[in-house]
Amino acid sequence: MAHVEGYTATSTALESNRISGEAARKRLLAGLPITERRLDLAGISTALLEGGAGSPIVLLHGPGEHAAKWLRILPELVRTHHVIAPDLPGHGTSGTIEGPIRPDRIFAWLGELIERACPTPPVLVGQILGAAIAARFAAEHGSRLRCLVLSDALGLAPFQPAPEFGAVLTAFIAEPSPENHDRLWQRCAFDLDALRDRMGESWERLRAYNLDRARAPELKSTQQSLMEQFGFPAIPSEELARITIPTFMVWGRHDLATPLPIAEAASARYGWPLHVIDGAADDPPIEQPVAFMEVLRTALIRVEAAASEALPDTREAWDRIAPGYDRTNTETQMWLGNESLIRAGLRPGMRFLDIASGSGALSIPAARMGAEVVAVDQSPIMLRLLRERAGRENMQIDTRVMDGHALIFDDDSFDMAGSQFGVMLFPDMPRGIREMARVVRPGGRVLVIAYGDPHRIDFLAFLIGAVQSVRPEFNGPPMDPPPLPFQLSDPERLVRELKTAGLKHVNVETITESTAFRSGAELWDWIAWSNPIVEEVLGSIALGDGERGVIRQTLDRLVRERAGGDGSAILSNPVNIGIGTK
């Protein structure tokens, strides 16, 4: 048996010394809810682990490590997020970099990773060396990130570890033997014996892969250069001060590499909240994964809350148009709601959630089909009108005032969640779809109904043509980027958003909705009461009362021309019906 300061190696541990690197990696990753793939990023062949669905989160590991080091938090994190964990250049099985490493090369590498793997700005979590890289990237490219989490980061001060840590680190780099590995880890962990007991065979697999990678001579040059650029020197304070995105710090109380007072000073200077984890040294994600995940989730909740506060408050605008919307729009859109629910497979007895319900164009058909309906909307007046409609048909619909960006329901609470012309208007539409997916049970479905190609929408063409009768230069709202009502008009975009939210068997069908209008005045009311954005667009060109009268007259002429001798004009528009299964 081999002895290292009180540690007696088991036969499994001794066998792990002889496992090949490839076999050790496979054993280490076996059973984790992730897949492996490889990308060429800034000319660097990069191995990455990927799994889960939801908003993206990128994990950058420490020096001499690899993406598999996140193994103790991956199973929990992939439940709620799309996780991307690369091997840093010159680490794990990622390629090396020839010659000196410039920070711009690493920033380009990370930027390409985010561009290719993250459909929306990710949360960036960095550990030790990975944290130093993450901090410097955030200072230069913060607009590409959602928030930053730094765990036991290097770079907040010059690297001057405790002498006992420095000695074992130097010994392991010079001779990566099993004994030196364990001596180093006795300084990296607060209680190595307890960690080995908790991890069991996973520890021996981790140890074997650590040793294999430490003995790979081709990696040493790149690893040394990364430490020289990012790990050893202090990041200038003016550079750290340029980080403007929400930033959180997580620290092991017993860190010997970057002691806690360094983190406390940075927290005080830059205003970054600091969370200290007891029973951990410099690697809380592996030593105290439950506590680390609690801190990480707290940070994410705070970011979500801050994002909600930053969203525009449109409740008053919807309250204002609610009576007109109920009178002109709700009834005409129930056919579409019914057709969509049939396609989605709603059945009697199912628990159905209608998000941004308005006064019931989707909820009423769902209740008529025998579903148990819960309707949420930010407008209490809309919900009151919905209850009145339900009451006239002796139906019970549970209505709740709620922001669809942050649903106050438990995970897996509904058989189906739907939104008709609702989530398409959300300022943070991807977040709204993620919330819909979150509250649906496994096997349940999400239904999103949104306007299709705006160039094929008759009522929009009629409105633009009528406005041009008084403002010839008016060409409608700007379409680059598309305004909120049309952000899901491209069926491929709707497919991507549903898949990004973690849904499977996604299908988007474009159908034609037709609405009959007997006069220009009726069409004007239907358009004007359909959405507060309409009045914003018309208000932006400062139409006078006389001009609005001319617009109504022009609309009346256009409606008569379309109607011919039939009395009603049929206006059509494409509608995208997206359905995905959790």
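This is a short chat about a predicted model, going through its confidence, its sheets and a few residues.

Me: What is the mean pLDDT of the protein?
Reply: The mean pLDDT is 90, and 93% of the residues reach 70 or more.

Me: And which stretch has a pLDDT below 50?
Reply: Residues 1-18 have a pLDDT below 50. Beyond near neighbours in sequence, that stretch has 32 contacts in the model.

Me: Sheets next. What is the strand order in the sheet of 8 strands?
Reply: The order is 3-4-6-5-7-8-9-10, in an open sheet with mixed pairing. Strand 3 and strand 10 (274-277) are the edge strands, each pairing on one side only. From one strand to the next the twist averages 20°.

Me: How do strand 3 and strand 4 run, parallel or antiparallel?
Reply: Antiparallel, with 7 bridges between strand 3 (residues 35-41) and strand 4 (residues 44-51). The two strands form a hairpin with 2 residues between them. Ala 42, in the turn, has a positive phi of about 55°. Leu 41 has Ile 44 in strand 4 as its bridge partner.

Me: What about the other edge, how many bridges between strand 9 and strand 10?
Reply: There are 4 bridges, and strand 9 (residues 247-252) pairs with strand 10 in the parallel sense. Trp 251 has Val 276 in strand 10 as its bridge partner.

Me: Which strands does helix 5 lie across?
Reply: Helix 5 (residues 129-141) lies across strand 5 (55-60), strand 7 (123-127) and strand 8 (147-151). The helix runs at about 140° to strand 7.

Me: Ile 128 then. Where is it found, and what is its phi?
Reply: Ile 128 is in the loop between strand 7 and helix 5. Its phi is near 55°, a positive value in a residue other than glycine.

Me: Why does Ile 128 count as buried?
Reply: Because its relative accessibility is 9%, and buried means under 20%.

Me: Where is Asp 152, and is it buried or exposed?
Reply: Asp 152 is in the loop between strand 8 and helix 6 (163-174). It counts as buried, at 1% relative accessibility. Its phi is near 50°, again positive in a residue other than glycine.

Me: Switching to Asp 87. Where does that one sit?
Reply: Asp 87 is in the loop between strand 6 (81-86) and helix 4 (103-117). It is buried, with a relative accessible area of 0%.

Me: What is Asp 87 in contact with?
Reply: Leaving aside neighbours within four places in sequence, its contacts include Arg 25, His 61, His 66 and Trp 109. Thr 93 is also among them, and the backbone nitrogen of Thr 93 lies 3.0 Å from a polar atom of the Asp 87 side chain.

Me: Helix 8. Which residues are buried there?
Reply: In helix 8 (residues 192-199) the buried residues are Leu 192, Leu 195, Arg 196 and Met 199. Seen down the helix axis they fall within an arc of 100°, so they line one face of helix 8.

Me: What caps its N-terminal end?
Reply: Asp 191 does, with a side-chain oxygen 3.4 Å from the backbone nitrogen of Asp 193. Just after the helix, Gly 200 takes a positive phi of about 60°.

Me: How far apart are Thr 328 and Asp 191?
Reply: They are 137 residues apart in sequence and 68 Å apart in space, C-alpha to C-alpha. Thr 328 is in helix 15 (residues 315-330) and is buried, with a relative accessible area of 11%. Leaving aside neighbours within four places in sequence, Thr 328 is in contact with Asp 525, Trp 526 and Trp 529.

Me: Last topic, the sheet of 7 strands. What is its order?
Reply: The order is 13-12-11-14-15-17-16, and the sheet is open with mixed pairing. Strand 13 (398-401) and strand 16 (504-517) stand at the edges with a single partner strand each, so one side of each is left without a neighbour in the sheet.

Me: How do strand 14 and strand 15 run?
Reply: Strand 14 (residues 414-420) and strand 15 (residues 440-451) run parallel and are joined by 6 bridges. Met 416 stands opposite Arg 445 in strand 15.

Me: And which strands does helix 19 lie across?
Reply: Helix 19 (residues 429-439) lies across strand 11 (351-355), strand 14 and strand 15, at about 150° to strand 15. Helix 20 (residues 458-467) also packs on the sheet, touching strand 15 and strand 17 (569-581).

Technical notes
Residues numbered from 1 in each chain as written. Predicted model: local features only at pLDDT ≥ 70, side-chain atom pairs only at ≥ 80, totals over all residues. Heavy atoms only, no water. Buried < 20%, exposed > 50% of the residue type's maximum accessible area, 1.4 Å probe, protein only. Arc of directions from axis to C-beta. Polar contact = N/O pair within 3.5 Å; in protein donor to acceptor, adjacent residues only side chain to side chain. Pairing = 2+ DSSP bridges. Axes fitted to C-alpha atoms, helices over the stretch in contact; angles between N-to-C directions. Contact = heavy atoms within 4.5 Å. pLDDT = per-residue confidence, 0-100.
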